[in-house]
Amino acid sequence: MERSSNDLILKTTTNIIVFIILAFSVNSFFSGHNAPGGGFIGGLMGAGAIVLLYLAYGIGPINRVIPVNYRIVLAAGLLIAFLTGIGSFVFGVPFLSHSFGHFHLPLLGDTELATAMLFDLGVYLTVLGVTMTIILSIAEDDGDTSD
Amino acid sequence: MTLEGGTDLFLYYIALPFIAALLLSLFSRPHSKTFHPGWLVAIIPFVLFILFLTHSSGISEGQPLASLTNWIPSMGIQLSFYLDGLSLLFTLLITGIGFLVVLYSIFYLSKKENLIHFYIYLLLFMGSMLGLVMSDNLFVLYTFWEFTSISSFLLIGFWSHRARSVYGALKSMMITVFGGLSMLGGFLLLWIATDTTSIREIISQKEELMASPLFTAILLLVLVGAFTKSAQFPFHTWLPDAMEAPTPVSAYLHSATMVKAGIYLVARLSLLFTGSDLFFLCVSGFGLVTLCWGSFMAVRQTDLKGILAFSTISQLGMIMAMLGFGSEAAIFAAVFHIFNHATIKGSLFMVAGIVDHETGTRDIRKLGGLMTFMPITATLAFFGTFSMAGFPLPIFNGFLSKEMFFDASLQTAAPSGLAEQAAPFFPYLAVLGSIFTFVYSMYLFFGTFRGKVQLDRLEKKPHEAPFGMLIPPFLLVCFIVVIGVLPNLINECLLAPAAGAIAGNPIQIHVAFWHGIKLPLIMSLIVVAAGALLSLFKRYWENIFLYLPGKLSADKAYQALLNSLLRGAKKTTSSYMTGSLSLYLAILVLFLVCVTAGMMAATGGFAFSTAGLSPVKWPEAITGFSMLIAAVATIFMKRRIAAVIVIGVVGYGLALLFVLFRAPDLALTQLIIETVTVVLFLLCFSHLPVMKPDSKPLRSKVADVLISLSAGTLVTLVAISSHSSKWFQPISDYFVKTSYSLGGGKNIVNVILVDFRGLDTMFEITVLGLAALGIYGMIKIRLRKKGGMEQ
């Protein structure tokens with residue numbers, strides 16, 4: 001992953017494509033409840049976008065640009081998912097009971113919001129964290145052993 | 001007949017030794033210079049002896065005592081104890097000889113030994129033995145039975161630094177626990193057959209039990225238990241090895257008490273079993289064989305305690321045989337000999353211990369002419385050995401019981417059939433066994449106390465034992481003589497109630513020395529004459545031992561059995577636990593195939609129906625076909641990368657199939673996951689060595705192919721069958737209907753994943769998280785270790 005430091009075409013296209021992928025990832029996450037997609041696919045796509053960045057720029061620069069510890073992302077995702085479940089206790093209903101409703105939001109207009117979305121957010125973050133943790137630890141290991 | 005006082009009196013009696021053992025363990029200093037803990041311990045059996053004596057008058061009047069305490073009422077298991085004539089005889093033997101043995105051990109064991117341990121084990125044994133002979137409940141009896149096995153194991157292995165002690169302890173444990181478990185099986189069957197755990201109630205149901213199909217199994221299982229404990233042929237082999245125990249232990253456990261537990265069991269249950277052919281044949285047959293074999297083998301021994309061990313075996317065989325004969329006279333003789341043997345053998349073991357203690361050896365070849373050095377010991381031994389031999393003088397109780405034994409062997413209560421035909425041979429066996437008994441008794445006495453003195457071969461210069469050591473055997477010898485002279489002294493109060501308890505009705509037999517010249521007396525005289533001749537000319541026929549036991553001894557059989565068992569187990573385990581993962585996998589898959597296919601075939605689960613199948617379209621067929629080709633091709637790939645890329649075709653084909661079968665979410669996920677998997681594979685491969693060509697032999701390759709083909713076929717068949725037999729309405733309609741109204745989403749798959757069945761998803765992402773952290777941990781920890789190594 002370190003070797004592609006001078007690949008101008010790759011870097012330039014990556015700059016554009018990453019945003020498209022990320023947008024697609026966010027879209028598939030938000031539309032998951034009503035169209036194909038969801039947290040799992042969205043999370044994987046998001047991870048794909050970041051992997052592409054790593055491929056184009058190498059581990060060092062990207063670690064500086066996106067200084068994220070993906071293990072924390074993973075943990076945060078799990079925490080959100082669990083808290084969503086526990087949250088239903090506040091309303092005196094069984095674990096992981098979901099609710100939804102239509103709200104009129106500024107800018108977005110009439111939007112349907114569901115607590116299931118929060119749960120899906122947890123899934124999204126977990127999947128993102130998992131994929132990145134696995135790929136980065138193997139990749140970094142590869143770099144270390146070749147030294 | 002019974003006196004249910006509802007008291008728990010006997011519980012305290014039995015608990016007393018256990019509590020004493022517990023208190024004894026509180027003594028912190030094991031080596032007290034000034035005080036021997038035996039003096040304290042001796043109080044317990046003495047007090048118990050007196051307590052049991054106070055009950056004896058009531059019992060001789062036919063008033064048994066009982067006590068009952070609840071233990072596990074839901075299973076009908078109660079600590080119910082019962083004192084009748086038989087139990088009383090045994091309790092008096094246990095406590096009486098126990099007292100003498102403790103007294104003897106005070107002088108025998110030096111203060112350097114770990115005395116606290118010794119007395120704790122001894123007290124545990126005493127308590128268990130008391131519990132055993134007084135239990136009325138099958139399972140309480142079994143509990144105490146195993147307690148005696150364990151405490152005897154501890155006592156035999158008391159000098160645990162000696163290899164022979166450890167070997168003897170293990171051997172006795174293996175054999176007696178084997179018998180104990182078999183007996184437990186018999187007890188469980190008894191419980192099933194009679195629906196009660198009380199021995200008295202079981203005996204009262206004798207008629208139904210005799211008719212029960214379980215009767216034979218019960219009888220045999222219980223007898224195996226009794227035979228192993230009482231060292232009957234061929235289970236006698238543990239007893240000679242148990243002689244590695246300290247001599248007080250041998251005197252107590254292996255002559256007077258524990259080895260009589262099996263006798264007690266047979267006596268206790270003989271009311272239940274008498275009248276059965278099998279019982280008669282087994283008990284008297286094995287008893288007589290044990291008598292002959294034990295006395296024959298005793299002549300061969302060179303160790304004093306070895307002779308006594310085989311002598312014990314043969315005497316126990318004699319008692320067992322008398323219990324088997326089943327006539328009233330035989331039962332009385334058995335009870336009489338139980339008592340006599342305890343006195344004779346107890347005193348002889350103590351004498352052997354004294355000789356060992358004062359000369360430093362028990363090897364009879366080194367001993368001789370000790371009479372001049374140890375006159376008192378020699379006198380005690382004289383009474384013991386001659387009484388054991390059954391020498392016809394009215395001062396030996398052994399003669400009286402032997403006479404009654406001959407008498408009983410002539411008048412057996414053989415039920416019928418085969419037993420009736422076997423019975424006439426019994427007197428011959430009895431005489432044969434007694435001849436050898438005479439021979440080894442003479443050998444024991446004359447070999448040790450007469451003949452040439454070999455002072456140079458002895459470790460110490462022999463001298464008379466301390467006074468305290470002589471008192472216990474002296475008291476026992478007193479019994480030999482007193483019972484010999486006045487045989488009816490304990491008849492009324494002790495023996496008659498005991499015999500009555502075995503037979504079920506009162507037995508009154510007057511023991512007399514002189515019957516007039518009858519067959520038993522002639523048999524006795526034959527024994528003396530033949531025995532005297534054989535002992536005089538022992539040198540000339542001794543070589544027979546090289547051929548007769550030869551390779552056939554029970555010890556060798558036990559060794560061979562144990563070795564072959566160990567070797568077989570090792571072989572079996574190493575034949576399939578090879579450490580080869582592919583073999584384990586083959587076994588697992590084969591097992592799965594066999595069980596599933598067997599179950600499906602047995603229950604008629606295979607089905608095939610084409611109803612409700614969709615038509616096959618071209619795109620699906622082409623995709624499926626390509627996947628098939630790719631899957632088959634994977635097997636033949638020579639390089640890993642090629643294999644992974646080809647298997648990728650299957651993955652992407654699957655994604656295509658998901659598209660064709662209208663599962664967009666699955667298709668998306670499958671597409672991405674397949675990509676990630678292939679990438680991860682490629683990442684890992686750079687770490688792996690080059691794939692070697694498969695070097696497996698053709699035979700195992702064929703086996704692998706067959707196993708995988710059968711597994712694949714089976715799974716296909718199961719899939720077809722489950723599709724062909726739809727018994728229930730699918731619940732998907734509910735999801736389709738309520739996805740929007742309840743879940744608020746139009747993507748049914750997503751609503752199911754996050755809403756209807758969110759819990760699954762929650763734990764699936766947990767699994768993912770754990771996997772990621774696991775990979776992270778594995779890689780990082782390996783690196784850190786590597787770094788540490790480099791430093």
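Start with a greasy spot on the outside of chain B: B:F27, B:F35, B:W39, B:L40, B:I43, B:F46, B:V47, B:I50 and B:L53 make up a nonpolar surface patch, together offering about 800 Å² of accessible area. To join such a patch, a residue needs over 30% relative accessible area and no salt bridge, and nonpolar side chains (Val, Leu, Ile, Met, Phe, Trp, Tyr) are linked within 5 Å, while like charges are joined within 9 Å. A salt bridge here is a side-chain nitrogen of Lys or Arg within 4 Å of a carboxyl oxygen of Asp or Glu. Accessible areas come from the Shrake-Rupley method with a 1.4 Å probe, and for residues only the protein chains shown count as cover.

Keep in mind that this is a predicted model, where local features need pLDDT of at least 70 and side-chain atom pairs count only at pLDDT 80 or more, while totals for chains, interfaces and linings use all residues. Residues are numbered from 1 along each chain as its sequence is written, chains are lettered from A and ligands numbered from 1 in the order in which they are written, and side-chain values use heavy atoms, leaving out hydrogens and water.

One patch member, B:W39, sits in helix α2 (residues 38–60) of chain B. Helices (H or I, at least four residues) and strands (E, at least two) are DSSP runs, numbered from the N terminus. B:W39 is partly exposed, at 42% relative accessible area. That label covers the range between buried (under 20%) and exposed (over 50%), using a 1.4 Å probe and protein chains only.

Now for a charged residue in a different setting. B:K402 belongs to helix α17 (residues 397–410) of chain B. B:K402 is buried yet has no salt bridge, and the nearest side chain of opposite charge, B:E403, is 9.5 Å away. For charges, Lys and Arg count as positive and Asp and Glu as negative, with His and the chain ends not counted. Leaving aside residues up to four places away in sequence, B:K402 touches B:Q315, B:M318, B:M388, B:A389, B:G390, B:S434 and B:T437, where contact means heavy atoms within 4.5 Å.

Chain B also has a hairpin. Strands β2 (residues 65–72) and β3 (residues 77–83) run antiparallel and are joined by seven bridges; two strands pair if DSSP finds at least two bridges between them. Among the partners, B:S67 bridges to B:F81, and B:N70 to B:Q78. Four residues lie between the strands, and B:G76 takes a positive phi near 70° in this hairpin. Six of the seven residues of β3(B) are buried, so the rest of the structure largely encloses that strand.

Two residues of chain B have positive phi although neither is a glycine:

| Residue | Phi | Loop in chain B | Relative accessible area |
|---|---|---|---|
| B:D195 | about 65° | between α6 (163–194) and α7 (199–204) | 67%, exposed |
| B:A231 | about 55° | between α9 and α10 | 0%, buried |

The loop between α9 (215–229) and α10 (238–241) also holds B:P234. A cis peptide bond joins B:F233 and B:P234, with omega about 0°.

Finally, chain A. How many helices and strands does chain A have? There are five helices and two strands, and along the sequence they follow the pattern α-α-α-α-β-β-α. Of its 147 residues, 44% count as buried. Among contacts in chain A between residues at least 6 apart in sequence, 61% join residues at least 24 apart. The accessible surface of chain A comes to about 7600 Å², with 72% of that belonging to carbon and sulfur atoms.
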